[in-house]
Amino acid sequence: MKQKLKSIFYSFPIQLILLHFKKFQILLVFWLVLFGAVNGSFMAAFGVDSLYLSPEYLGQVNAVSAGIVGVAIGIFIMSWNITTFILFSRHFRFLATATRPFLKYCINNAIIPLVFLAFYFFRAVDFDINKELMTAGDVLMLSGGFLAGLVLIILISFGYFFGADVRISRNMISLDPSPMAMHRGVKPYIVLNSGGSRLIKVTNYLSGRGKVKAVRDVSHYSKDFLEHIFNRHHFAAVLSIFIAFVFLMAIGFLLDREVFQLPAAASITLFFSILVAVVGAFSYFLQSWSVPFAVVLVVVLNLLYRHGIIDPTNKAYGLDYGKSISRADYTPENLNRLSAPEKVAADKKVMLEVLENWKARQDAGKPFLYIISVSGGGTRSATFTMGVMQKLDSISGGQLMRKTFMITGASGGMLGAAYFRALSHRKDEGRPVNLQDPVYIDDISQDLLNPTFSSFVARDLAAPAQKFRVGEYEYVKDRAYSFEQQLNKNTRLLLDKELSQLADDERSAKIPAMVFNSVITRDGRKMLISTLPVSYLMRPAGDTSMQNGRDPDAIDFAALFEKQNPMNLRLLTALRMNATFPYVLPNVWLPTEPKIDVMDAGLRDNFGLETALRFTHVFREWITNNTSGVVLVQIRDRQGGGWEYPFESKAISEVVTKPMLLLQYNWYKMQQYNQQDQLSFASDIMNGKLSKLTFQYVPDKLDSKAALNFHLTKREKMDIIKTLDNSLNRQAFLQFGKIILPDTVRQTLSVR
């Protein structure tokens, strides 16, 4: 028994596993990431697990999409085998004398890939049945497609290497395999010597037919002969990786054609395949110099970026970044000029005209002024917002957008609100639009994550050279461009406009004004994007003696970039700047001096209340004299209060990490607490003429809440729609009906 265990321990497969952990552990990081992605523990908030377990291709989850992911995972497995073969093969010299050495290496190196594949299938079946609500037949179809893709690429790979083996064998005839002197011979099982210490030992291996064979003695072969064999195999291996990289570059250049938009999981895995090869090359050629070389490379790239030789930054599409125009001054003096009293007075006068235009479109008397604030939360918030607005519009008799003066908020909620506003305007133009049609919920809930991740790999990293134009300005295509294009497609091209095309309708109050927010990373100020001048929102209203006169906390985008053609900005770009998920979408760099960049509005106000309350405060006198009050309609993707997802310490390691993560976990809750203060102050100032209706996405089960990302499963979509009718939201809809409907209509509704 002892001898059998010893034989197993010194077998090639077991010793390879030990070798992976002893040397080049960085290559195992890629496997760790894949395991984490499939398990839902890596980037869970971004829904990466759904990309792997339910991949989409051409808008469908089917055998073809699963097959493409199978091909990508097969390429990753072969890339990992090729890279480790190059790194380790010289230490296993008995392989050089075997027929088809790479095949034998792959068979003995299959433990980690097989464990991953088994885990993947277990998770995929569970996910597709319970989250995507697929039938057993659908799951079998996906499994079959995945296996077909995986087996196909493995057969092609081995066919390639079998051909290489034949060519290598023919070339070996001219080499002299004569034995070396005994003192220079190579022992068959001694592997990886370090300071005279033997690190690994192999006595047997699995053959091509799965049989256990003893390691052959190769001491009678010359070292040059063995090295030459391995060099030929290494060349064939490197060539295959180069072909994969060229393929990924080609995909990047062809990404505008839908057929080349691979499932995101496939693109990510292909990129991992190339990274594995690159890391292996660093380790193989540079050895102990790998880390110093990496440091020097980072320094050189920083210098190139600093001097403008390379520029990976994303731009606001439509804005003029030309060198002929001076950059906007981002200085205290200029910001103070933009919010000077005379500028604020002029902008308020413009907004008062818009308010009068809005009032003229209402029923006689003093109408309620409706402001809609929506929360961030990716596609789940966009879907919930669309569902709520459809129901509110139905209750109001199709008058929601007519009675709403302003919409503001963060991230996903603004995507849903902008789409509903566009649909409503299309209906007002006489187009056949049924605003309560559930197809629009399907539109806004469609996937945005796959094209974004695919573009990140194929464009941002592999082929960042393609350009496109907005008007007379040119920009580089990257994942932000792909996100906007997919959002445009999902929303039936209704959001494909520049701000200038919306300005007249907003000024005449034919459509509600939308104020898009984003956060300047340099100092935390808010960037306000609107077709209307909003300098009066750059500071809190009230007694100026209580404020720092040189320090506005928000910026009027159009005023700051008055020379950069700000009204040429795409509406899709304004929405993206408002919803810049960290890492998923790039921060947007703006043409200022010094340079600034902006990111997701949720960083400062995830619930859209801050802008709405400041607007109410500024125009409180007009509101008091001309309306029955403000109805603040808040649509949020999470429950109020601080009880949701408490930050608890469940492990001793969290005692150390808790202080660092405390702010991250409680960020949204602290925003809620602060905004409750703002609401109470605003209510007092308005003398009771401010009311708030809150609609909340609260899942049936806390652990089944839709992920905060740009992808939803079928179960998550159903859960979001279902929560529209929970007790909290039913009560809010009832209150809304009492406010917005005349007495006679309310009585008719109550009879029904």
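Over which residues does pLDDT stay under 50 while the model has four contacts beyond four places in sequence? Select residues 743-752: that is the stretch. Here pLDDT is the predictor's confidence in each residue, from 0 to 100, and a contact means heavy atoms within 4.5 Å.

**Before you go on**

This is a predicted model, in which local features need pLDDT of at least 70 and side-chain atom pairs count only at pLDDT 80 or more, while totals for chains, interfaces and linings use all residues. Residues are numbered from 1 along each chain as its sequence is written, and side-chain values use heavy atoms, with hydrogens and water left out.

Colour the chain by pLDDT: the mean is 82, and 79% of the residues reach 70 or more. Then pick out residues 166-198, where the pLDDT is below 50 and the model has 52 contacts beyond near neighbours in sequence.

**The annotated membrane spans**

The unreviewed UniProt entry places the feature "transmembrane region" at residues 26-48, 68-90, 102-122, 142-162, 235-255, 261-282 and 289-305. UniProt positions are in the numbering used here, feature names are shortened, and annotations may be inferred rather than shown by experiment. Select 102-122 from that list: the span is 90% helix and 0% strand, with its end C-alpha atoms 29 Å apart. Helices (H or I, at least four residues) and strands (E, at least two) are DSSP runs, numbered from the N terminus.

Now show the side chains of Trp-31, Phe-35, Phe-76, Trp-80, Phe-116, Phe-119, Tyr-120, Phe-121 and Phe-146, which form one aromatic cluster. Rings of Phe, Tyr and Trp (its six-membered ring) pair if their centres lie within 6.5 Å; planes under 30 degrees apart count as stacked, over 60 as edge-to-face and the rest as tilted.

**Tyrosines around Tyr-475**

A search of the whole structure finds 28 aromatic pairs. Zoom in on Tyr-317 and Tyr-475, a tilted pair at 5.4 Å centre to centre with 55 degrees between the planes. Tyr-317 is in the loop between strands S5 (314-315) and S6 (328-329) and Tyr-475 is in strand S10 (residues 473-476), so the pair ties together parts that are 158 residues apart in sequence. Add Tyr-321, which pairs edge-to-face with Tyr-475 at 6.4 Å centre to centre and 85 degrees between the planes.

Tyr-475 is buried, with a relative accessible area of 4%. Buried means under 20% relative accessible area, exposed over 50%, partly exposed in between (1.4 Å probe, protein chains only).

Stay on Tyr-321 and show Lys-315: its charged end sits over the ring of Tyr-321, 5.8 Å from the ring centre. The test is NZ of Lys or CZ of Arg within 6 Å of the ring centre and within 35 degrees of the ring normal. For another case, jump to Arg-636, whose charged end sits over the ring of Phe-607, 4.4 Å from its centre.

**Helix H14**

Select residues 378-395. The end C-alpha atoms of H14 are 26 Å apart, in agreement with the 26 Å expected for 18 residues; the expected span is 1.5 Å times one less than the number of residues. Of those 18 residues, 15 are buried, so H14 is largely enclosed by the rest of the structure. Just after H14 comes Gly-397, with a positive phi near 70 degrees.

**Helix H20 and Pro-512**

Next take residues 500-507, helix H20, whose buried residues are Leu-502, Ala-503, Asp-505 and Glu-506. Their cover includes helices H13 (341-360), H16 (411-428) and H22 (571-578), plus strand S11 (513-520). Ala-509, following H20, has a positive phi near 65 degrees.

Finish on Pro-512, in the loop between H20 and S11 and buried at a relative accessible area of 1%. Its C-alpha is 5.0 Å from that of Met-406, 106 residues apart in sequence.
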